[in-house]
Amino acid sequence: MRSHPQLMPRSGSPWAACWTTSTGTPCSSSAWAHRSTSQWTNTGIISAPRASSVTCISIMSFGGIPAPGKPVSFPRKHFHGCLENLFYNGVDIIDLAKRQDPQMIVMGNVSFSCSQPQSVPVTFLSPRSYLALPGSFGEDEISATFQFRTWNKAGLLLFTELQLVSGGLLLFLDDGKVKLHLYHPGKLPSDITAGVGLNDGQWHSVSLSAKRNYMSVAVDGQVASASPSQGPEQIYSGGTFYFGGCPDSSFGSKCKSPLGGFQGCMRLISICHEVVDLISLQPGALGNFSDLQIDSCGITDRCLPNYCEHGGECSQSWDTFHCNCANTGYRGATCHNSIYEQSCEAYKHKGNTSGFYYIDADGSGPLEPFLLYCNMTETAWTIIQHNGSDVTRVRNTNPENPYTGFFEYVASMEQLQATINRAEHCEQELTYYCKKSRLVSKEDGTPLSWWVGRTNETQTYWGGSLPDPQKCTCGLEGNCVDSQYYCNCDADRNEWTNDTGFLSYKEHLPVTRIVITDTGRPHSEAAYKLGPLLCRGDKLFWNSASFNTEASYLHFPTFHGELSADVSFFFKTTASSGVFLENLGITDFIRIELHSPAVVTFSFDVGNGPFEISVQSPTHFNDNQWHHVRVERNIKEASVRVDQLSPRTQPAPADGHVLLQLNSQLFVGGTATRQRGFLGCIRSLQLNGEALDLEERARVTPGVEPGCGGHCSSYGRLCHHGGTCREKPSGFSCDCTSSAYAGPFCSDEISAYFGSGSSVIYNFQENYSLSKNSSSHAASFHGDTRLSRETIKFSFRTTRTPSLLLYLSSFYKEYLSVIIAKNGSLQIRYKLNRYQEPDVVNFDFKNMADGELHHVKINREEAVVFVELDESVRRQVHLASGTELSAVRSLVLGRIIEHSDVDQETALAGAQGFLGCLSAVQVSHVAPLKAALQPSRPAPITISGHVTESSCVAQAGTDATSRERTHSFADHSGTRDDREPLTNTIKSDSAVIGGLIAVVIFILLCITAIAVRIYQQKRLYKRNEAKRSENVDNAEAVLKSELNIQNAVSENQKEYFF
């Protein structure tokens, strides 16, 4: 048996109490009729010190919450009513208060008698409960009044039959409203609705009346309606009134209950203006009833205390409560489980790309999620902005009148600290510009400017330096403008300089304010700029341990999750079973284990007997890949979920024990008995949002090793388009070297807009004789190698015909060309024997120069060519010209510049080139667009004309040249083809004359502008000769540039990192 503190009413108690302040929390009983007991009336509060056997309660209050001298507002008012039989652990509280025991504190007007009228409530305990009371038979008026209270939105309140006609009068709750319904077969029903939100647990009075052909209903004294009945012309009472529900049909009753029975309390029932003595109810004597509790109201407020977490709204019914988690950022039965990831690293490893995300750094902990930007590179960077990203100039300050700049972030300091603690590395760039503004006093070394971090401590080191007082980057590197000082600004020169760098000591970040005191002297000035807080990675996401023997385990302090607990982790193994985690109490326990190769089981006991929940997978979990487990238990239910499988849930027993009481150590990877231990890896173990440092504990534990490799077996699927997964100590990365795509997952397409006459040429080998010494990536295409297979993929968008999309040539006059013919058909032309005509694969079912984006995939195995167009049209052909392409020379995209011995169709398309967008071009392992636009190393690329990195996904008609950044190259050989064809040229004299006039006007404007500029320079020279010129170094130019630009682009400065 468990020992729980209880408030126990005892019959025959000599004392009672009554509160007469404003109404508040519902009282549980007012059943004092026919008793001779003293009672206690209160308009205040009574408090008692804690009992010696209870260590968690210091003061217990009855009737209200004492808060003397404190501006505290509570969501509920003090209790109004009477109490009797008030006991706590066997102590008669009312008796102690009446005898003025020194341990008791009485506040307000308390009297030990209750003058309020006594009433006898009855409780309808279940949907099967009912109370049948006799009424007058054949009366021409039906009337009844009563009070009720409930949490349920629906249920029957009253039913009575009508005499002489078949029909009845129903009074019921529907969606928290009272409805009076008269039904009569063959006639339209009559309804009257009154009240709203009546399922609030408070007492509500109801009065109904039906006389002749009129009905009325009043709720809490407000008459809702009076409506003529469409039923019989005269209503006569049928005799029996059924309250709360209907008896079983075997009793012969005609009672109807369309919405089920009522669960709640009723009192002060009167029928036909006569009060019913409920204490005298006896089956067969005065009425009939079933499943009824007389002389007490057994309603329970299940939302007090509120077990809905993170701002979830609690609502309740008779049996249970419900949490509305909408707009909280959490989910689950008690809004405990966050819907957001804890870091950008976690988002990245779900395949997400750069963008804004909500982060919940402590998971199910108390901190709310907040919005930030995740920059997904090889490592995930978290970027947190503040309100001071612009350059700020400071003048006229001194130690007595300092300047203080404050920085407010998009997250609270607690949220920032949680984010920083998870990160592998954090940094923040701080730039301090100065002109005759020192950081340190020359006389005594007193700091003249400093900054403050989240520890609220003064810091005197500056960007790029270690946390050494009064140091800057130049002092560590030995390149300050004056070698006598450790910072540039301390040289105190009358010219702009700066001390700039990244602050990277995590314990001091982020910067919350900066203080400047030395800009009060003549010509003295300072300025500063603080960048966003940047954090890299998530060390807790990759924190892991490897368990090498079944007897090995890690132990941690007892897990405390009495009312709400969640456990989450990743595991991978080749073993068929093993215990992941176990924590024991005297009788309570929790255990998570791999029960069998395809079953993960969560077992627990909170005092109601052991329960077991299992998730079974159609595939085995012991596949040496990472699997994610999340277990949650609260007072409503327990659940377990593995990967993306459907979760399994076990509801908690009604009114059972709810506290999980554990007292042993927490065992990870094994059990206290050293049996059934886990063999494999466990990673990112978190309990209620707090991560356990498995690696630190594993370093000092035999049989357990810190860290765990093999991430590519699980995350390699995130590397797309031929990217290769590379293992890292903490995680993995995608190597996109051999892919036509870029980005952290090789999923960012690289595409380009080709202007008229432009081309990109990838030269596999300039001279065939050099091929034998080649060691480049294209070596497999060189020399004596005979190319018997290749895979080609690309996408394109164009409206021009004819067009050359791709041309692969060899030194033996063999080639492959992909063109759009003059009629708009797509043609793939293979010439694998220079003495034969080319084989042609023709797709003429539609015009491919329609401005839409088309996808082409070509795969050749010797003489068999498979072509897929737009992922829908597929064709396989056999070549007659040969099976091999020998000595590949170059790959051309766009216009063919050099003379080539090709067929007429290819020559015509090659002369025109390509005008449009090409994307993700890949020929086996060569990605020519990527080599041209995003070179990671020198590549044999020749680019002619105007080539603009663009996006082929853009709608037709979009100016592609304005998208992304532009690459405009001249031919690397030193020549450039300027003979771009002019289309739609109007050959008329007027056009020529107009062009000449425009040229003349342009020349005159240029001459005028040059003359004005020369005049301005002369005046400037004379002014500068009249005064001493001031030497301004590069720092001043940077500062002026930033100050001038920030006014025009202040809105964009917050997004510079995009």
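**Notes on the fold and its salt bridges**

1. Let me start with a specific pair: E695 forms a salt bridge with R699, with 3.9 Å between the closest N and O atoms. The distance still qualifies because the cut-off is 4 Å. R699 counts as exposed, at 56% relative accessibility. Please keep in mind that this is a predicted model.

2. A second pair to look at is D735 and R726, whose side chains meet in a salt bridge at 3.1 Å, N to O. Both ends can be placed by their relative accessible area: D735 is partly exposed at 24%, and R726 is partly exposed at 42%. Neither value falls under the 20% that would make a residue buried, so the label "partly exposed" fits D735.

3. D850 and K846 also pair through their side chains, in a salt bridge of 3.3 Å from N to O. D850 is partly exposed, with 30% relative accessible area, and K846 is partly exposed as well, at 33%. Elsewhere, R438, K442, D492, D518 and R521 are joined into one network by salt bridges that share partners. If you want the total, the whole structure holds 22 salt bridges.

4. Now for the overall picture. The protein has 74 strands and 11 helices. It has 1058 residues, and 49% of them count as buried. Of the contacts between residues at least 6 apart in sequence, 67% join residues at least 24 apart.

5. Finally, the surface: the protein exposes about 51000 Å², and carbon and sulfur atoms supply 49% of that area.

Note on methods: Residues are numbered from 1 along each chain as its sequence is written. This is a predicted model: local features need pLDDT of at least 70, side-chain atom pairs count only at pLDDT 80 or more; totals for chains, interfaces and linings use all residues. Side-chain values use heavy atoms; hydrogens and water are left out. Helices (H or I, at least four residues) and strands (E, at least two) are DSSP runs, numbered from the N terminus. Buried means under 20% relative accessible area, exposed over 50%, partly exposed in between (1.4 Å probe, protein chains only). Contact means heavy atoms within 4.5 Å. Accessible areas come from the Shrake-Rupley method with a 1.4 Å probe; for residues, only the protein chains shown count as cover.
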